[in-house]
Amino acid sequence: MPLSPSLFRPRTLDEALDILAGTPDARPISGGASLVAMMNAGLVEPAALVSLTRIPELSGIRVAAGGNILVGAATRHSVIAAEAAFTGTASVLPHAASQIAGVAVRNMGTIGGAVAHADPGLDFPPALCAVDARVQLAAKSGRRTLPVRDFFADWYTTALEPGEIVTGFEIPKPKSGAGFYLKHARVAGDFAIVSIALSLADDGEVRVAVGGCGPTPLVADEADRLLSAGLSAETACRAGEVLIALANPVDDVRGTAEYRKLLIPRMLARAVREITATRKKVA
Ligand SMILES: Cc1cc2nc3c(=O)[nH]c(=O)nc-3n(C[C@H](O)[C@H](O)[C@H](O)COP(=O)(O)OP(=O)(O)OC[C@H]3O[C@@H](n4cnc5c(N)ncnc54)[C@H](O)[C@@H]3O)c2cc1C
């Protein structure tokens, strides 16, 4: 019978980092939505849990002086889904957040926990790539930031070092435009089989990221360039081919690798139609 882990509930980031550095086999816990499920399944047995949800610096959303949006790592999915600051191109974030699981998980899970967990079926990783977010990290040795596109390394593997935690995200000042998140799942609220995160600025700049089709979100400058040259069924098809070439999905209970690849250009074309229609309605 495994022993229950010790639970620490620090009130400051420094305290949390001290505990993580000084306690063998300690793990951060945020919402617990994924970690507790993994512990219940016997997949991980941490000796200690360091809760990050009582540290004020890690929670909430604020707009910085230059217009960038700062999101604390312990901010719940439901808070992001309802946040009015995510306008224009950044609206892909609340659109993705509103499609995560059901209300209970959205009230429990946090954006930092999701990104650290790095399950390829999660909704935030592609949405954060589509807005060119930067992830903020802290360890006892200091702080650093990375483009989120460089943060995901492999299946359930990120650039996080031992003892390091995700503290937040910096979302570039939203441009006037639109964001759209298209998720294909077996039933509403399930993990994505394939997802498409798209942002379209009124100046024509497009960013696309695909979830569920490999260990990390699929992003390609060439796909962004093709779509930025003009949104149409044809450019969606060509950008889709670029993204398929990067895909490395697996067969699982949700769908085969072949099915996932087939979905990429089809879903991208649909996302392009939807985002274009949204822009026409607004104009
Ligand atoms: C039934 C169910 C359905 C779900 N459906 C979806 C879905 O449709 N779409 C979707 O995107 N997600 C889904 N999820 C996952 C959900 O979004 C989780 O909230 C998320 O994966 C983890 O967030 P958390 O805050 O609960 O992290 P936790 O479970 O607390 O932690 C997850 C992992 O990240 C580490 N960690 C936590 N916070 C940090 C941090 N700040 N820095 C460094 N490491 C950290 C932990 O040590 C652990 O390894 C679902 C979960 C459940 C239980």
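User: Before I look at anything else, what is a nonpolar core?

Analyst: A nonpolar core is a set of buried Ala, Val, Leu, Ile, Met, Phe, Trp, Tyr and Cys residues joined through side-chain atoms within 4.5 Å. The general idea is that in soluble globular proteins, nonpolar side chains tend to be buried together. Keep in mind as we go that the model above is predicted.

User: Which residues touch the most other members of the largest nonpolar core?

Analyst: Look for Phe124, Leu128, Phe169 and Ile171, which touch the most other members of this 35-residue core. Several elements each supply at least two of its residues, including strand 5 (69–72), helix 4 (92–97), strand 6 (134–139) and helix 8 (148–151). Helix 7 makes the largest contribution, five residues.

User: What does Phe124 touch beyond its neighbours in sequence?

Analyst: Setting aside residues within four places in sequence, Phe124 is in contact with His77, Ile80, Leu93, Ala97, Ile100, Ile111, Ala114 and Val115. A second core lies apart from the largest one and has 29 residues, among them Leu198, Cys213, Ala223 and Leu243.

User: Let's turn to the ligand. Which residues come nearest to it?

Analyst: There are 29 residues around the ligand, and the nearest are Pro28, Ser30, Leu35, Thr110 and Asp123. By kind, the shell holds 15 nonpolar, ten polar and four charged residues.

User: Where do backbone atoms lie beside ligand atoms, and how much of the ligand is covered by the protein?

Analyst: Start at Pro28, where a backbone N or O atom is 2.6 Å from a ligand oxygen. A polar backbone atom of Val166 lies 2.8 Å from a ligand nitrogen, and one of Asp190 lies 3.3 Å from a ligand oxygen. On its own the ligand has 970 Å² of accessible area, and the protein covers 89% of that. Strand 2 (26–29), helix 6 (111–117) and strand 10 (165–171) are the elements that give two or more residues to the shell. Helix 6 gives the most, with four.

User: Strand 10 came up just now. Is Thr167, which sits in that strand, buried or exposed?

Analyst: The idea is to compare its relative accessible area with a cut-off: buried means under 20%. Thr167 has 8%, so it is buried. Beyond four places in sequence, its contacts include Leu13, Leu58, Val71, Gln136 and Leu137.

User: How should I read Leu43 and Asp132? Are they buried, partly exposed or exposed?

Analyst: Exposed means over 50%, and partly exposed covers the range between that and the buried cut-off. Leu43, in the loop between helix 2 (35–40) and strand 3 (48–51), has 63% relative accessibility and so counts as exposed. Asp132, with 31%, is therefore partly exposed. For a sense of distance, the C-alpha atoms of Leu43 and Asp150 are 27 Å apart, with 107 residues separating them along the chain.

User: Which phi values should catch my eye?

Analyst: As a rule, most residues other than glycine have a negative phi. Here, Ala118 has a positive phi near 60°, and Asp132 has one of about 55°. Ala118 belongs to the loop between helix 6 and helix 7, while Asp132 belongs to the loop between helix 7 and strand 6. Ala118 is buried, because its relative accessibility is 4%.

User: Where is Gly214, and what does Gly214 touch?

Analyst: Find the loop between strand 13 (206–211) and helix 9 (221–228). Gly214 is buried, as its relative accessible area is 3%. Not counting residues up to four places away in sequence, it touches Pro120, Trp155, Asn248 and Pro249. This is a good place to see how a chain can bring together residues that are separated in sequence: Gly214 and Val250 are 36 residues apart, yet 7.2 Å apart in space, C-alpha to C-alpha.

User: One last stop: where is Arg260, and what does its side chain reach?

Analyst: Arg260 is in helix 11 (residues 257–282). Its side chain reaches the backbone oxygen of Gly255 at 2.8 Å. Arg260 is a charged residue, and it is buried, since its relative accessible area is 4%. Among the residues it touches beyond four places in sequence are Ala192, Val194, Cys213, Pro249, Val250 and Asp252.

Conventions
Residues numbered from 1 in each chain as written. Predicted model: local features only at pLDDT ≥ 70, side-chain atom pairs only at ≥ 80, totals over all residues. Heavy atoms only, no water. Near = heavy atom within 4 Å. Polar contact = N/O pair within 3.5 Å; in protein donor to acceptor, adjacent residues only side chain to side chain. Areas by Shrake-Rupley, 256 points an atom, 1.4 Å probe, with all protein chains shown as cover. Buried < 20%, exposed > 50% of the residue type's maximum accessible area, 1.4 Å probe, protein only. Contact = heavy atoms within 4.5 Å.
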